[in-house]
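I opened a fresh page today and went through one model, item by item. Here are my entries, in the order I made them.

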Amino acid sequence: MYHGPSIKILGIVMFICSGYWVNYRQTIQTPLRYVEDVPKVKIVMSHIDQCQLTEQRLSGVGTTLGSNEQVRFQVRHLSHSTYNFLKKYDGAFEIEARYTYQRIDGPRNRFEFDMQRYWYSRGIVCKLVANSAIKCQQTQYQFFTINALVNLIRSWHVHLVEWFEQLPSGLRDYGETLLLGYVRPDFYLDNQGLSKMGLIHLFSISGFQVHLVCQVWYLICRRLKFLKEMRLWSSQIILVVF
């Protein structure tokens with residue numbers, strides 16, 4: 001008696017999901033049409049928490065202003081003023097430069113890590129490369145918007161990383177990696193013993209953060225006297241958002 005409506009609902013859901021997937025693939029592949037040697041003036045919006053900053057170079061993940069394309073970007077040479085600004089800044093910023101669109105290369109041999117597939121899973125197919133920046137300034141989001149909330153969370157993350165950096169090396173490395181999901185550039189070099197013991201996977205792909213989020217949410221649910229079913233259903237939503 002219930003098979004007919006169930007099959008119809010399943011067919012509708014599959015049709016909607018298929019249409020969304022096709023539209024999603026076309027959307028993230030849009031930047032590929034700009035792949036050429038001619039530089040274009042673009043403004044990339046990013047957050048300092050999504051970037052790697054050195055005295056001469058800035059690289060990270062951001063979104064192009066206007067077209068809203070998810071891209072990797074790299075500025076090879078930074079001025080002293082731009083570097084000093086980003087060094088002390090903890091929020092979102094816009095960096096304008098003459099970028100060249102480049103396709104992310106795939107593996108060149110059988111055993112090389114597939115960087116192209118990895119970034120595609122994050123909705124990124126191109127990288128923007130510039131020699132120098134034209135202008136760099138902070139971004140102001142309106143209050144009570146999703147972008148403002150995400151920006152606030154990332155700023156908190158930056159401050160937490162700075163706090164952990166003041167701790168002893170072992171506690172610093174484990175705390176940043178397990179609690180914050182932040183891996184220092186020399187983490188694997190400083191902790192070669194973990195590789196020899198076969199424990200490096202705990203820091204690369206770990207369920208520790210998921211377990212921590214679940215335990216905190218279960219504690220809140222018990223205080224609010226939620227039923228077990230409600231607690232389990234709500235945890236699925238929490239984990240998807242996390």
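**Entry 1: the core**

I started with the largest nonpolar core, which has 21 residues. I noted the ones with the most contacts inside it: Leu-58, Phe-73, Phe-93, Ile-95, Tyr-99 and Leu-128. Then I looked up which elements give two or more residues to this core, and found strand S4 (70–77), strand S5 (92–103) and strand S6 (126–138). The largest share, five residues, comes from S5. A reminder to myself: this is a predicted model. I also jotted down the general background that in soluble globular proteins, nonpolar side chains tend to be buried together.

Which residues does Phe-73 contact, once I leave aside its neighbours within four places in sequence? I listed Val-44, Ser-46, Cys-51, Leu-58, Ser-59, Gly-60, Val-61, Gly-62, Phe-93, Ile-95, Tyr-99 and Leu-128.

**Entry 2: the whole chain**

Next I stepped back to the overall picture. I counted ten helices and six strands in the protein chain. Its C-alpha atoms fill a box of roughly 65 × 50 × 50 Å, taken along the principal axes. Of the 242 residues, 30% count as buried. I also checked how far along the sequence the contacts reach: among those with a separation of 6 or more, 62% are between residues 24 or more positions apart.

**Entry 3: salt bridges around Arg-184**

How many salt bridges does the structure hold? I found five. My general note beside that number: side chains of opposite charge can pair when their charged atoms come close.

I followed Arg-184 through its partners. With Glu-165 it forms a salt bridge whose closest N and O atoms are 3.2 Å apart. This pair links distant parts of the chain, 19 residues apart. Arg-184 sits in the loop between helix H5 (169–180) and helix H6 (187–190), while Glu-165 sits in the loop between helix H4 (146–164) and H5.

Buried or exposed, where does Arg-184 fall? Its relative accessible area is 14%, so I entered Arg-184 as buried, the cut-off for that being under 20%. Glu-165 has 31% relative accessibility and therefore went down as partly exposed.

Asp-186 is another partner, and its side chain meets that of Arg-184 in a salt bridge at 2.8 Å, N to O. I have Asp-186 as partly exposed, because its relative accessible area is 29%. Glu-176 also forms a salt bridge with Arg-184, with the closest N and O atoms 4.0 Å apart. Here both Glu-176 and Arg-184 are buried.

I then asked which residues are linked in a network of salt bridges. My list reads Glu-165, Arg-172, Asp-173, Glu-176, Arg-184 and Asp-186.

**Entry 4: H4 against H5**

With H4 and H5 already on the page, I looked at how they pack. Their axes are 9 Å apart and the angle is about 160°. Why do I call them roughly antiparallel? An angle over 145 degrees counts as roughly antiparallel, and H4 and H5 therefore qualify. H4 passes H5 in a right-handed crossing.

For the residues that meet, I wrote down His-157, Leu-160, Val-161 and Phe-164 from H4. On the H5 side I have Leu-171, Arg-172, Gly-175, Glu-176, Leu-179 and Leu-180. I was pleased to see two names come back: Arg-172 and Glu-176 are also in the salt-bridge network.

**Entry 5: positive phi**

I looked up two residues for their backbone angles. Asn-68 has a positive phi of about 55° although it is not a glycine. I placed Asn-68 in the loop between strand S3 (58–64) and S4. Its relative accessibility is 54%, so Asn-68 counts as exposed.

Lys-225, not a glycine either, has a positive phi of about 60°. I found Lys-225 in the loop between helix H9 (208–223) and helix H10 (228–241). Lys-225 is entered as exposed because its relative accessible area is 72%.

**Entry 6: Trp-233**

My last lookup was Trp-233, which lies in helix H10. Buried or exposed, which is Trp-233? With a relative accessible area of 66%, Trp-233 is exposed. I also checked the separation between Trp-233 and Met-197, which are 36 residues apart along the chain. Their C-alpha atoms are separated by 38 Å.

Note on methods
Residues numbered from 1 in each chain as written. Predicted model: local features only at pLDDT ≥ 70, side-chain atom pairs only at ≥ 80, totals over all residues. Heavy atoms only, no water. Core = buried A, V, L, I, M, F, W, Y, C linked by side-chain atoms within 4.5 Å. Buried < 20%, exposed > 50% of the residue type's maximum accessible area, 1.4 Å probe, protein only. Helix = DSSP H or I, 4+ residues; strand = E, 2+ residues; numbered from the N terminus. Contact = heavy atoms within 4.5 Å. Axes fitted to C-alpha atoms, helices over the stretch in contact; angles between N-to-C directions. Parallel < 35°, antiparallel > 145°, perpendicular 65-115°, else oblique. Left-handed = near helix turned anticlockwise from the far one by under 90°.
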